[in-house]
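The following exercises are each a task with a worked solution. Please consult the sequence and the coordinates while working through them.

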Amino acid sequence: MNLRMPLVVALLLSPIPAVAAEYHVSPAGNDDSVGTAAEPFATIARAQRAARSAKGAIVILHGGVYYLPEPIVFTPADNDCEYRAAAGEAVVVSGGLKLDLRWEPFRDGIIKASTPAGLVFDQLFIDGRRQMMARYPNFDANVRPYGGYAADALSPQRAARWKDPAGGFIHAMHRAHWGGYHYRITGKNDKGEVLYEGGWQNNRQMGMHPQHRYVENIFEELDAPGEWFHNPQAATLYYMPLAGSNLEKAVVEVVRLRHLVEFRGTPSQPVRGVTLRGIVFRHAARTFMDVREPLLRSDWTIYRGGALFFDGAEDCTVVDCDFDQLGGNAVFVNNYNRRITIRGCDIRDTGASAVALVGDPQAVRSPLFEYHQRQSYHRIDQTPGPKTNNYPADCLVEDCLIRRMGVVEKQATGIQLSMAMNVTIRHCSIYEASRAGINISEGTFGGHVIEFCDVFDTVLETGDHGSFNSWGRDRFWGLEDAPPAELPRLAKLDMVGPNVIRNSRWRCDHGWDVDLDDGSSNYEIYNNLFLRGGLKLREGFHRKVWNNIAVNNSLHPHVWYDNSGDEVTGNIWMGAYRPAGGMPQGNWGKEIDRNLFTTSEADRTRFANHGCDRHSLVGDALFYDASRGDFRVKKESPAAKLGFRNFPMDRFGVQSPRLKAMARVPEVPQIRIAAPIAPAGATHQWLEANVRALQGEEYSAYGVSKESGGVLLVEVPANSTAAKWGFRTGDLIQSVNSRPVQSPADLIGRQEPTGGRLRVGIVRDQQPQTVEVGKD
């Protein structure tokens, strides 16, 4: 007994673990209550005030909709608190307002109701589903882009129908389908022409597409079931009900707030350790007219905001939450943040991007902000890495289902990285995207890992892109006066480490499965399954590509540097490489070899004169069960002889049972014996130079749209007439005397100048220029 006494005394003297304080909230509660399960608070704001007095408090939200009068703002006073939905209860945090309306007939199947004075909103929800603003043309889910478009959307004839279109919006594709533009209509002039402002939402300015455009929020266009128009001056809502709807019983909600929850801290005093769990976030306003800030020299501009907004936070987590039909970005991680985790979330029907992690351009050394800007080698800061710590780092997006993003904005993506470091994207299923599923805007600051993801059905409304897209227009790119031998070193200045893409499945039916565009450098790409579009590597340095499988496709090398240092080994290709845009005359990259071609010896040897595939093999890959998506190879496969190693085929995408039950998977294509790639089109003579039409995906290498096309100057001899007038090999001719040129016949047919001269519009180094031909 005496031997046991010390143990008993020790247990009695041990500190008892503190039990976290709990506060309960219910829409049916009362803020004058004590916040218990029996007597809950009514508002999250009241619970927040209570939780701040108890470190590590847990706030339990009971079922119902919490309509926020203003965003919830977490500061360091909220550190280590958790806000969670009560088990088994549906909790919605809304930036909207529920309206109790009295409907009455108006005309032509339209009904109307009075709204509160001063109320302004941009989205209407009926029984939880977003309705369509009055628009022209009417929405058709089977039409892309925009669910319908019309060349005459802005015509004076159409505008003549509109009494006062001020407050309406124009949405239009970029002329080359590189995203979109948005404009606010300000009125009409005395000629009946539409006046508008905007168009700053794209960092590659080329103007709106002549056909792919539509207008919305115009009263006279209210003519289809499900459409609505709100006149705030008259405080009246007009709506054409859907068939079978019962508006007497329907829940009518409108959207007010842009942000629902904000984390506001600083690097020295961050918001730390706050968790959000099991909550549905709904009703955040559209923000497309505030998408202005250029993301360095990428094609993007950005609005720094989202339904959840992080700025100055550490070790905060969002887990098992839903983001439903939000008007702008769902989650935005802005500037200094560390170890933010987004896990187990369902993000659907998002107006802009689902998750964006974007740093401060002042953290970038020698930043430039527009595609055509250039600077001198002798003037750039050559110090490696970032200048400050004001960027997201060491963050994680894991096990998230992201679908139908870019509903409003077309330069949007599932996950966007810009001026960020060491972000991991793991086990995400991303599909039904207007543009890329994952986008990295530039090399700053690298170290990212993308693994076990399933990304497909992308680039549905745009073009010249991939399920994964990146640019690398960093300090080295387009640098004036830089010695070519220095470029490989300079290409690493902005990146602390390589970006890794591995163990993922990709499919893009409207571009490349993975598209490393302008300047993308320092990538390791291995253990990936490319289901449709193959792999594009545009000019860049230090790319290592190994142990990948491209189904019915291959490698697309575009305009490589002579000293790129690229390594492409141990892959399974189902077709010859598809180069474009002027590849090196000598060897390509550091090493392209020991790959397996499943098609023909001709495909293997097609580029042997560039040092490619001397030790590569041709043969059947001997997949286990390709028809069911199992592309592991059998041990007797010739790929195994080349060192190919199988990687898991059953771990792509979301893993949690909740999300896996909802997630789609891509269609697996039937393997076909690839037809030989057609040889380059027939060449023709023009001003003693050899020319031909663009083919296949070559348009991307020249930075033009597929529909605009052009005629390529394949060879311009030094003593030719074309050289005399200033043309060069590799120029792309797109017009003569303002008339489009899409074929050699077009070009030759316009050879004789009218009025003494030809004004020839060309693209050289992705920049439009004009060359004049003819006698002075």
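**Exercise 1. Determine whether tyrosine 577 is buried or exposed, and characterise its ring pairing.**

Step 1. Tyrosine 577 has a relative accessible area of 2% and is therefore buried; buried means under 20% relative accessible area, exposed over 50%, and partly exposed in between, with a 1.4 Å probe and protein chains only. The model is predicted: local features need pLDDT of at least 70, side-chain atom pairs count only at pLDDT 80 or more, and totals for chains, interfaces and linings use all residues. Residues are numbered from 1 along each chain as its sequence is written, and side-chain values use heavy atoms, with hydrogens and water left out.

Step 2. Across the whole structure, a search finds 31 aromatic pairs. Rings of Phe, Tyr and Trp (its six-membered ring) pair if their centres lie within 6.5 Å; planes under 30 degrees apart count as stacked, over 60 as edge-to-face and the rest as tilted. The ring centres of tyrosine 577 and phenylalanine 607 are 6.3 Å apart with planes at 15 degrees, so this pair is stacked.

Step 3. Tyrosine 577 belongs to the loop between β54 (572-573) and β55 (591-593), and phenylalanine 607 to the loop between α5 (601-605) and β57 (617-618), so the pair links distant parts of the chain, 30 residues apart. Helices (H or I, at least four residues) and strands (E, at least two) are DSSP runs, numbered from the N terminus.

Step 4. Phenylalanine 607 is also buried, at 11% relative accessibility. Ring pairs join Trp573, Tyr577, Trp588, Phe597 and Phe607 into a cluster.

**Exercise 2. Classify the ring pair of tryptophan 686 and phenylalanine 727.**

Step 1. With centres 5.3 Å apart and planes at 75 degrees, the rings of tryptophan 686 and phenylalanine 727 form an edge-to-face pair.

Step 2. Tryptophan 686 lies in strand β60 (residues 684-686), whereas phenylalanine 727 lies in the loop between α9 (721-724) and β63 (732-736), so the pair ties together parts 41 residues apart in sequence.

Step 3. Tryptophan 686 is buried at a relative accessible area of 1%, and phenylalanine 727 is buried at 3%.

**Exercise 3. Describe the surroundings of strand β46 (residues 512-516).**

Step 1. Of the 5 residues of β46, 5 are buried, so the strand is largely enclosed by the rest of the structure.

Step 2. Strand β43 (residues 466-470) runs parallel to β46 and is joined to it by 4 bridges; two strands pair if DSSP finds at least two bridges between them. In this pairing, glycine 466 stands opposite tryptophan 512.

Step 3. β46 also pairs with strand β49 (residues 535-537), in the parallel sense over 3 bridges. Here leucine 516 stands opposite leucine 537.

**Exercise 4. Identify the residues with the most contacts to other members of the largest nonpolar core.**

Step 1. A nonpolar core is a set of buried Ala, Val, Leu, Ile, Met, Phe, Trp, Tyr and Cys residues joined through side-chain atoms within 4.5 Å. The largest has 90 residues, of which Phe263, Leu276, Phe281, Phe310, Phe323, Ile415 and Phe468 touch the most other members.

Step 2. Helix α2 (residues 44-51) gives the most to this core, with 4 residues.

Step 3. Not counting residues up to four places away in sequence, phenylalanine 281 touches several residues, including Val93, Leu260, Leu308 and Phe323; contact means heavy atoms within 4.5 Å.

**Exercise 5. Describe the environments of histidine 259 and aspartate 290.**

Step 1. Histidine 259 is located in the loop between β20 (252-255) and β21 (261-264) and is buried, at 7% relative accessibility.

Step 2. Its side chain makes a polar contact with the side chain of glutamate 262 at 2.8 Å and reaches the backbone nitrogen of glycine 306 at 3.5 Å. A polar contact is a pair of N or O atoms within 3.5 Å; within protein, one must be able to donate a hydrogen and the other to accept it, and residues adjacent in sequence count only if both atoms are side-chain atoms.

Step 3. Aspartate 290, in the loop between β24 (280-282) and β25 (293-294), is partly exposed at 29% relative accessibility.

Step 4. The side chain of aspartate 290 makes a polar contact with that of arginine 258 at 2.5 Å.
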